[in-house]
Amino acid sequence: RYLDERVYVQLANYLVHGHGYTADGSTPTAYRPPGYPFMLAAVDVIHGGIFLMRMLNFAALAGTVVIVQRLTLRLTTPLIAVIAAATTACYPLFVYAAGTLYPQIIAGFLVLAALLLLLPLLALPLAVKAARGVTTSTGAALNPLLGATARTMTVVGLLLSIALVLS
């Protein structure tokens, strides 16, 4: 429908047919970032066509809705998480952009997925600081009976941090 869509599909076609990342089949280009055309080329290799390319964008939008819900749920209440997910799913610009061959929906999905994966790492410095306060000689001296317990809880806390990073 739009010039940009035709350009992305053409770049993907050139990749699939062995012409490399070229603007006209012979002249290399760096005008557009290569990530999205490479993804479209992967669909083109399996003869997915334009319809499947568009469905990939809608799948990315669906993934974005799930990630928005999970991120919001970690930060607020379940009701707010549902509202955020519904708003994302129904936002007209997102729905429209998912129906085009533009990279914005895929890029948004990848950014939010990275944030979801890295969010537990943001809490790790706070956990390390608290653990140091408990395991130092000063912390153990707060109560002689809790000295060994503090060290045990440090191990449990570190294992919990690792589990959060992996979840």
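Reader: In what order do the elements of the chain run from the N terminus on?

Author: From the N terminus, the elements read α-α-α-α-α-α-α-α. The chain thus described is a predicted model. The tally is 8 helices and 0 strands.

Reader: What share of the 167 residues in the chain is buried, and what surface does the chain expose?

Author: Burial is read from relative accessible area, and a residue counts as buried under 20%. By that reading, 31% of the 167 residues are buried. The chain exposes about 10,500 Å², and carbon and sulfur atoms supply 76% of this surface. As for contacts between residues at least 6 apart in sequence, 62% join residues at least 24 apart.

Reader: How does the span of helix α1 compare with the value expected from its residues?

Author: One takes a rise of 1.5 Å a residue and sets the resulting span against the distance between the end C-alpha atoms. Helix α1 covers residues 3–16, which is 14 residues, and should therefore span 20 Å. Its end C-alpha atoms are 20 Å apart, in agreement with that expectation. After α1 comes G18, which has a positive phi near 80°.

Reader: Which residues of α1 are buried, and against which elements do they pack?

Author: The general idea is one of periodicity. An α-helix has 3.6 residues a turn, so residues three or four places apart point the same way. In α1, the buried residues are E5, Y8, V9, L11, A12, Y14 and L15. These buried residues pack against α2 (35–45) and α3 (49–75).

Reader: Which members of the largest nonpolar core touch the most other members?

Author: A core is read by asking which of its members have the most contacts within it. Here the core has 19 residues, and Y8, Y36, L40, M53, L101 and I105 touch the most other members. Two or more residues come from each of α1, α2, α3, α5 (92–98) and α6. Helix α1 gives the largest share, 5 residues. L40 illustrates the packing: leaving aside residues up to four places away in sequence, L40 touches Y8, V9, A12, M53 and L101. Apart from this core lies another, of 5 residues, including I67, L71, L116 and L119.

Reader: Where does V65 lie, and is V65 buried or exposed?

Author: V65 belongs to helix α3. Its relative accessible area is 17%, so V65 counts as buried. Among residues beyond four places away in sequence, V65 touches A85, T88 and A89. Separation in sequence and in space can also be set side by side: V65 and L112 are 47 residues apart in sequence, and their C-alpha atoms are 9.9 Å apart.

Reader: How many salt bridges does the structure hold, and what does the pair of D4 and R32 tie together?

Author: For each salt bridge, one considers the distance, the elements involved and the burial of the partners. The structure holds 2 salt bridges. In one of them, the side chains of D4 and R32 meet at 2.9 Å, N to O. Because D4 lies in helix α1 and R32 in the loop between α1 and α2, this pair ties together parts that are 28 residues apart in sequence. D4 is partly exposed, at 28% relative accessibility, whereas R32 is buried, at 14%.

Reader: Which elements hold E5 and R54, and are E5 and R54 buried or exposed?

Author: The side chains of E5 and R54 form a salt bridge of 3.0 Å, N to O. E5 is in helix α1 and R54 in helix α3, 49 residues apart, and the pair links distant parts of the chain. Both E5 and R54 are buried.

Reader: Where does H47 lie, and what is notable about its phi?

Author: A positive phi is worth checking against residue type and location. The phi of H47 is near 60°, a positive value in a residue other than glycine. H47 sits in the loop between α2 and α3. With a relative accessible area of 72%, H47 is exposed.

Reader: Which residues make the nonpolar surface patch, and which helices supply at least two of them?

Author: A patch is read by its members and then by the elements that carry them. L117, L118, L121, L124, V128, V155, L159, I162, V165 and L166 make a nonpolar surface patch of about 870 Å². Helices α6 (104–135) and α8 (147–166) each supply at least two of the patch residues. L117, for instance, is in helix α6. Its relative accessibility is 56%, so L117 counts as exposed.

Terms used
Residues are numbered from 1 along each chain as its sequence is written. This is a predicted model: local features need pLDDT of at least 70, side-chain atom pairs count only at pLDDT 80 or more; totals for chains, interfaces and linings use all residues. Side-chain values use heavy atoms; hydrogens and water are left out. Patches are made of residues with over 30% relative accessible area and no salt bridge: like charges are joined within 9 Å, nonpolar side chains (Val, Leu, Ile, Met, Phe, Trp, Tyr) within 5 Å. Accessible areas come from the Shrake-Rupley method with a 1.4 Å probe; for residues, only the protein chains shown count as cover. A salt bridge is a side-chain nitrogen of Lys or Arg within 4 Å of a carboxyl oxygen of Asp or Glu. Helices (H or I, at least four residues) and strands (E, at least two) are DSSP runs, numbered from the N terminus. Buried means under 20% relative accessible area, exposed over 50%, partly exposed in between (1.4 Å probe, protein chains only). The expected span of a helix is 1.5 Å times one less than its number of residues. Contact means heavy atoms within 4.5 Å. A nonpolar core is a set of buried Ala, Val, Leu, Ile, Met, Phe, Trp, Tyr and Cys residues joined through side-chain atoms within 4.5 Å.
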